[in-house]
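Biologist: Before I accept any label, I would like to hear, for each one, which criterion stands behind it and how the value compares.

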Amino acid sequence: MSDAPGPSHPSVPAPVVRLEAVRLSYGATRALDGITLDIPASRMVGLIGPDGVGKSSLLSLIAGARAIQDGHVHVLGGDMIDAAHRRRTCPQIAYMPQGLGKNLYPTLSVFENVDFFGRLFGHDRHEREERIQQLLRDTGLAPFADRPAGKLSGGMKQKLGLCCALIHDPDLLILDEPTTGVDPLSRRQFWELIETIRKDRPGMSVIVATAYMEEAARFDWLVAMDNGSVLATGTPAELLQQTGTGNLDAAFIALLPEEQRREHREVVIPPRRSDQGDDVAIEAEGLTVKFGDFTAVDHVTFRIARGEIFGFLGSNGCGKTTTMKVLTGLLPASEGEARLFGREVDPNDMDIRRRVGYMSQAFSLYSELTVRQNLELHARLFRLAPDTIDGRVRDMVERFDLANVIDALPDALPLGVRQRLSLAVAMIHAPDILILDEPTSGVDPVARDSFWQTLSDLSRRDNVTIFVSTHFMNEAERCDRISLMHAGKVMISGTPEQIAARRGDGSLEEAFVAYLEDAIAATDTAKTTATPHIATTATVKTHGATHAASRFFDPRRMFAYTRREALELKRDPIRATLAILGSLILMFVMGYGINMDVEDLSFAAMDRDDTTISRDYVLQIAGSRYFTELAPITDYDDLDRRMRSGELSLAIELPPGFGRDVARGSNVQIGAWVDGAMPSRAETVRSYVQAMHATWLAQRARQLYGNTATTGDYQIEVRFLYNPDIRSIVAMAPAVIPILLLIIPAILATLSVVREKELGSIINFYVTPVTRLEFLIGKQLPYVALAMLNFFLLTAFAVFAFGVPFTGSFVAFTSAALLYVIVTTAMGLVISSFMASQIAAIFATTLLTMIPATQYSGLVDPVSSLQGAGAVIGRIYPTAHFVTITRGTFSKGLDFGDLSGPFLALIVTIPVLLALGVALLKKQAN
Amino acid sequence: MRTGNIVQLGIKELRGLFRDPMMLALIVYAFTVSIYTASRAQPETLNQAALAIVDEDRSPAATRIITAFKPPYFTVPRLIPQAEMMTRMDAGLDTFAINIPPNFQRDLLAQRSPAIQLNVDATRMSQAFTGSGYIQSIVGDEVGEFLSRYRSAAPLPIDLALRARFNPELNKGWFGAINNVISSVTMLSIILTGAALIREREHGTIEHLLVMPVTPFEVMASKIWSMGLVVLVAASVSLVFVVQGLLAVRIGGSVPLFLFGTALYLFATTSMGIFLATSAGTMPQFGLLLMLVLMPLQMLSGATTPRESMPDVIQTIMLAAPNTHFVILAQAILFRGAGLAVVWPQLAALLAIGGALFFLSLRRFRQFLR
């Protein structure tokens, strides 16, 4: 279709996407800088350009996943800023975000993933099953329907992503770098699949972002982007013609602005000199690494000579990274041997570490340190002599051209510069071996070429051995020798020319595809090669997607989220166990910890009288269950020392002549010292001592004055209601239940949303017809169920383990608990709308729940005793109401009728919180 | 050269921390605002206790009793009919309800020893005890004074001179302030080291470190000294400027001795932070684990309620927790002015627990890196 005309051509239909002066910034960073563009309909359109130039931002705007900041985005005949239009069109758009399986749920099986999307688009059971079966058959995923998505290879994940995207027969398919990190064979199969689908549905428009120029060459129409703007548009042929170049890589470089292009020069790697020698630098023999029953690296053997550039190719998860980690000593080999310079790799061998430089896949320098600080830190850690450090850092800065960013933080640097910094750090100690794990992924062609020039210099000039992994075929061609890995095994090694000549049509990629096909045919005969026929999908079309989209609340979509959340919870036992076990542990701890019983307090007496009367006074205190008597105090020094060490809570001093003075009725004073370090305990001690003193006085009075004093002037009958034994646990355990049913369900509910935000699957909420209310309630339900399970366990624990009597209506208590956990999970959902990261969510939820619940909800101090802000919070905070209900039903024997007030408060809170949650939740990313 | 690595890596940690405004804000908040407000917000034991009175006598004696109850200890008593008493208590509106029976004054003067009924909501433990004590003594005083106008009966001249040592006014704010310093020290030392380790793993930098000539021991030691130092400095500043300065808490003992104890304690808690971080795979799991560990540690350490009133089993188990010893040490030095002669067993225990935790963590840390 290379003859596809440009967008302005009169014979083509209206463009599927029309952009007018679209701008987008993230904080101070401008991602899109005034893009005006018409994308033709019914075409395969490619966005090309390196990472970070705004391709993904543009696609997410088109998909409606991101809110438009400035400009107009018209998609399928309407403005995407209009929420009603977005709701109407989202069933016609399918969006597959960047990243392998980014919008999939790794713990769910292949079938469950597709099924979830089917439910979101409102398909009924029959229709769903039919479509899923067909899609899985067409993509060759049918044999793996029960495998969790997280355990699929990169290529399979992308096919699954495609299934999920195609379940609702979209008119516009948006794919963001669908083949990055996928092996050449899977890549080819993926595009064949797309081709077949397009044949069956010729009206469908496809927009693809890609970093692989050789893929882009096969598209109908291209948009070349750099730095937030469009460089050029047109068919591949037009772009080549315009730039006068032979391939798209070169064409792209030619399209770049002058100053960027100037830095570029063709990579020339001179052949290895014969005098570089053949001594072996890196050697692996029968290297095997197993994680449990999974073999990541399977008997890999290779030898790399000193000064050689050795390339490692293969898809994500084929074992490249693991092999490299073994060589650096990060992972132990399960079997076999790895040797560097003839010495076996030993993680404790510090000398060998100083000869190796390693650059891991992800950028792994300290983003909190500046470029210079990073270089200096590593120089010191590699124990360069202190006086050589400055010079060495200067050398590196010069060599890797970092002078103008020397005091910048790495996060602020473009990817290409960061990669140069990583290499500079890996080189700071002048190692003999460099192990580089995908050093150029996401780097633009110009920067990639200069990077390879550096590698060439290191190898040829400094005789550094370089072991590098890559996805790019043109980089592989620059290596002295390469190996292709698949499923933990090395399939073939040799010079690029040898391998290319041996198989296929002479290109390296063809050769690899051929080898991969062989390997797959050998290991997996069951798998049917994808011979897609999507024809019947079209026949089941139309009646699913559209009718449900218009409805505001569709229980099916809501339950889709409930089902998925419940499945995920089931598959993540750690979370559920922590939640349940955690509440029981905390209940136990708090039941004992918030203990108001003060017993067994230590006391000692300094009896300087030592008569019957004075001994009687001491005995009276010693005999009570509140105090335990310790050895008598000998003198004031002893008293001081023992009180300072905290040994004594109470010291009593009876003065000399105490007995005599009491008998005579003359004034006498008893001294008592209470340890005030812990005021609440001191208060209790004080009240005990006063009470005992009073009792003793009454007794003496009776002895002195006889019967006239037997009864007092009046009596106070104290009745301790609801908790006659005054056991702390009876008061505390029922009040702890509301706190635990608040904090943990709220945190889980918050995390359930924030996790999706952090992991990226929230995108499914943005681009599918599910409404905010469906999303919230759907997510809430499993946690309400979990919290109710918790509720029953906690209640049972209180009654049976702590022995707290339950006197009221259990039905009322359970109903209140149900209302309450709906409130608490809804609180979590409201909080989640402010939070972006999981750790912040945990802290914020704890802060917002723990303090009001423990301080202002009547746990210790009754709400009626609170003042100021605390009193206001205590009146409206749901925990306070539920504490009233818990204590009422547990200890006071109450039923529904007696508790109508708090019940009403809980019922009113639910719609308020849900409305707040819906209002705060955004249906698009910012 | 090994210590060189520890120093370099520690400086790196400090630099990293100073570039994290969130964490800095958290530290400042925990050691200033949090301590200040928590100390000021501590209510007196008895504050605005809800009281209702059923007056079936309506005599001068009864009125005398009623007017004796005043804020701030009690609310102004609400006079209610007998029928409402139990429903109000059921609904939790009142904590105390006094019932003055009919003919109270007549019986009192006739020495028939009438009975006043005091109903206490015993599910409100914090007020039930002290409150009923206060009520009894208030009623006693009023009745006594009322009677003294009619007859003079000399009470026994035995006086109880009750004094609270170390905190004469039993100012709860003092206790709250010190307690909050302790819990901020615990919380931050664990969070800072744990989060520092998890962050390194999530960013892939830990791997990067381990291909360099650096041992796990050095990595761990560097995190312990740097984060420990940060918390120690923050705690000292807070103790001097917030607790002693702003809150005017009288500190009995030697602040340097306390800080020395804090340093030993930090050795234990930072090791614990690393241990927790190696046990948790991800930040959220670390967060959940943190709460499950922190809450029991804080609640059972003896800082919130006295150790003696806990069951023996728990007292014994909690001897293995560094918090317990630190709380004992802090109370002894800061309130009771105890010296080295008194607190050396706690210092020794902290050193032993810290050492054990450090080696346990080091072992876990080595496995964690595999």
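Modeller: Helices (H or I, at least four residues) and strands (E, at least two) are DSSP runs, numbered from the N terminus. The model is predicted, so local features need pLDDT of at least 70, side-chain atom pairs count only at pLDDT 80 or more, and totals for chains, interfaces and linings use all residues. Residues are numbered from 1 along each chain as its sequence is written, while chains are lettered from A and ligands numbered from 1 in the order in which they are written.

Biologist: With that criterion, what makes residues 283-301 of chain B helix or strand?

Modeller: Set against it, the chain over residues 283-301 of chain B is 95% helix and 0% strand, with end C-alpha atoms 26 Å apart. In residues 173-198 of chain B the share is 100% helix and 0% strand, and 36 Å lie between the end C-alpha atoms.

Biologist: Why are these spans of chain B called "transmembrane region"?

Modeller: The name comes from an unreviewed UniProt entry, which lists residues 22-39, 173-198, 224-243, 255-277, 283-301, 313-335 and 341-362 of chain B; such annotations may be inferred rather than shown by experiment. In chain A, the same annotation from an unreviewed entry covers residues 573-594, 729-754, 781-804, 810-832 and 903-921. Of these, residues 810-832 of chain A are 100% helix and 0% strand over an end-to-end C-alpha distance of 33 Å, whereas residues 781-804 of chain A are 88% helix and 0% strand over 30 Å.

Biologist: How do you know whether chain A is compact or spread out?

Modeller: Chain A has 35 helices and 25 strands. Its radius of gyration is 37 Å, well over the 29 Å that the globule rule gives for 926 residues, so chain A is more spread out than a compact globule; the radius is taken over C-alpha atoms, and the rule is 2.2 Å times the number of residues to the power 0.38. Along the principal axes, the C-alpha atoms of chain A fill a box of roughly 125 × 75 × 50 Å.

Biologist: What makes S6 and S10 of chain A edge strands?

Modeller: They belong to an open sheet of six strands in the order S6-S7-S8-S3-S9-S10 (chain A), with mixed pairing, where two strands pair if DSSP finds at least two bridges between them. Strand S6 (93-96) and strand S10 (229-234) of chain A each pair on one side only, and hence carry that name. From one strand to the next the twist averages 15°. Within this sheet, five bridges join strand S7 (residues 172-176) and strand S8 (residues 205-210) of chain A in the parallel sense, with Val208(A) of S8(A) as the bridge partner of Leu175(A). Helix H5 (residues 154-166) of chain A packs on the sheet, touching S6 and S7 of chain A, and its direction makes about 160° with that of S6(A); axes are lines fitted to C-alpha atoms, for helices over the stretch in contact, and angles run from 0 to 180 degrees between N-to-C directions.

Biologist: Which strands form the open sheet that takes in S5(B), and in what order?

Modeller: The order is S22(A)-S21(A)-S23(A)-S24(A)-S5(B), five strands with mixed pairing. Strand S22 (627-629) of chain A and S5 of chain B stand at the edges with a single partner strand each, so one side of each is left without a neighbour in the sheet. Here the twist averages 25° from one strand to the next. Helix H24 (residues 612-622) of chain A packs on this sheet, touching strand S21 (601-607), S22 and strand S23 (650-654) of chain A, at about 175° to the direction of S21(A).

Biologist: How do you know that strand S24 of chain A and strand S5 of chain B pair, and in which sense?

Modeller: Eight bridges join strand S24 (residues 668-675) of chain A to strand S5 (residues 158-165) of chain B, and the two run parallel. Among the bridge partners, Gly671(A) is matched with Ala161(B) and Asp675(A) with Arg165(B).

Biologist: What makes up the contact between chain A and chain B, by residues?

Modeller: It takes 108 residues from chain A and 101 residues from chain B, counting two residues as in contact if their C-beta atoms, placed from the backbone, lie within 7 Å. On the side of chain A, helix H27 (residues 679-705) gives the largest share, 15 residues.
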